[in-house]
Amino acid sequence: NAISAELIESIRTIPNYPKEGVLFRDITTLLSNPRAFRRAVDALVQPWAGSKIEQVAGIEARGFILGGAVAHQLSAGFLPVRKKGKLPFKTLQQDYQLEYGMDTIEIHCDAVKQGEKVIVVDDLIATGGTAEAAVKLLRSAGADVVAACFIVDLPELQGRAKLEALDIPVRTLVEFP
Ligand code: PRP
Ligand code: HPA
């Protein structure tokens, strides 16, 4: 449709970044385009308008930019999901698989109240490993994770299935084959 065409055109593709053979989908060009940025945020929140989302969990780093805008739009709080070692207070941790090796994400131990309705936001879902770890972490803290939303899906990597296996509805706006 027209909105996804506009969003697709606003995303820049960089060949061989961060390494040979990868086509990197760069959303900085979407963020700098006022119409595209607004449309992306409006489209991401559209299913949750009026549904009393209490916290938006944004995944470092690009999920912070979108998650802040989404939280404002929904009159929700913002909760940062960070790479390990960045949060100052006591944390809960979750390991996840990278292409080579493991990494760890964290949230503050008191970041959510029991049963709080949370949506997860990031710019892009690839393998889904990062978002899956975020969902597990938020659930371990007592959150009711209602959905996960991304601007970009790379369907070949089947990240959506990882979240759907956890009963998380997934919203994405554009796909790159
Ligand atoms: C990218 C992207 C997602 C994640 C998706 O972040 O913004 O967070 O990878 O990959 P996955 O679905 O295979 O887990 P990146 O790891 O590049 O971190 P950064 O935003 O801090 O640069
Ligand atoms: N763009 C941004 N982040 C990513 C990508 C990409 O193409 N692939 C995996 N993480």
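An oxygen atom of ligand 1 is placed 2.9 Å from a polar backbone atom of Ala 126, a polar contact in the sense of a pair of N or O atoms within 3.5 Å (within protein, one must be able to donate a hydrogen and the other to accept it, and residues adjacent in sequence count only if both atoms are side-chain atoms). This is a predicted model, in which local features need pLDDT of at least 70 and side-chain atom pairs count only at pLDDT 80 or more, while totals for chains, interfaces and linings use all residues. Residues are numbered from 1 along each chain as its sequence is written, chains are lettered from A and ligands numbered from 1 in the order in which they are written, and side-chain values use heavy atoms, with hydrogens and water left out.

**The two ligands**

- Around ligand 1 there are 13 residues, of which Asp 122, Asp 123, Thr 127, Gly 128 and Thr 130 come nearest; a residue is counted as near a molecule or strand if one of its heavy atoms lies within 4 Å of it.
- Two threonine side chains also make polar contacts with ligand 1: an N or O atom in the side chain of Thr 127 is 2.5 Å from an oxygen atom of the ligand, and an N or O atom in the side chain of Thr 130 is 2.5 Å from an oxygen atom of ligand 1.
- Ligand 2 is surrounded by Leu 23, Phe 24, Arg 25, Arg 62, Leu 124, Ala 126 and Leu 154.
- Backbone atoms meet oxygen in ligand 2 at two residues, with an N or O atom of Leu 23 lying 3.5 Å from an oxygen atom of the ligand and an N or O atom of Arg 25 lying 2.9 Å from an oxygen atom of ligand 2.
- Arg 62 takes part through its side chain, where a polar atom lies 3.1 Å from a nitrogen atom of ligand 2.

**Helix H4**

- Helix H4 (residues 62–73) has twelve residues and reaches 17 Å from its first C-alpha to its last, close to the 16 Å expected at 1.5 Å a residue; the expected span is 1.5 Å times one less than the number of residues, and helices (H or I, at least four residues) and strands (E, at least two) are DSSP runs numbered from the N terminus.
- Gly 63, Leu 66, Gly 67, Val 70 and Ala 71 are buried in H4, where buried means under 20% relative accessible area, exposed over 50%, and partly exposed in between (1.4 Å probe, protein chains only).
- These buried residues lie on the same side of H4, because they cover an arc of only 135° around the axis, the arc being that of the directions from the helix axis to the C-beta atoms.
- An α-helix has 3.6 residues a turn, so residues three or four places apart point the same way.
- The buried residues of H4 pack against several elements, including helix H2 (28–31), helix H3 (34–45), strand S3 (55–59) and strand S4 (77–83), with contact meaning heavy atoms within 4.5 Å.
- Just after H4, Ser 75 takes a positive phi of about 50°.

**Helix H5**

- The twelve residues of helix H5 (residues 129–140) should span 16 Å at 1.5 Å a residue, and its end C-alpha atoms are indeed 16 Å apart.
- Buried positions in H5 are Gly 129, Ala 131, Glu 132, Ala 133, Ala 134, Val 135, Leu 137 and Leu 138.
- Gly 142, just after H5, takes a positive phi of about 100°.

**Salt bridges**

- The model contains twelve salt bridges, each defined as a side-chain nitrogen of Lys or Arg within 4 Å of a carboxyl oxygen of Asp or Glu.
- Arg 35 and Glu 6 meet in a salt bridge at 3.0 Å, N to O, and the pair links distant parts of the chain, with Arg 35 in helix H3 and Glu 6 in helix H1 (residues 2–10), 29 residues apart.
- Glu 6 counts as buried at 16% relative accessibility, and Glu 6, Arg 35 and Arg 39 are linked in a network of salt bridges.
- Glu 60 forms a salt bridge with Arg 82, the closest N and O atoms being 3.0 Å apart; Glu 60 lies in the loop between S3 and H4 and Arg 82 in strand S4, so the pair ties together parts that are 22 residues apart in sequence.
- Within that pair, Glu 60 is buried at 15% relative accessibility, whereas Arg 82 is partly exposed at 21%.

**An exposed loop glycine**

- Gly 50 sits in the loop between H3 and S3 and is exposed, with a relative accessible area of 78%.
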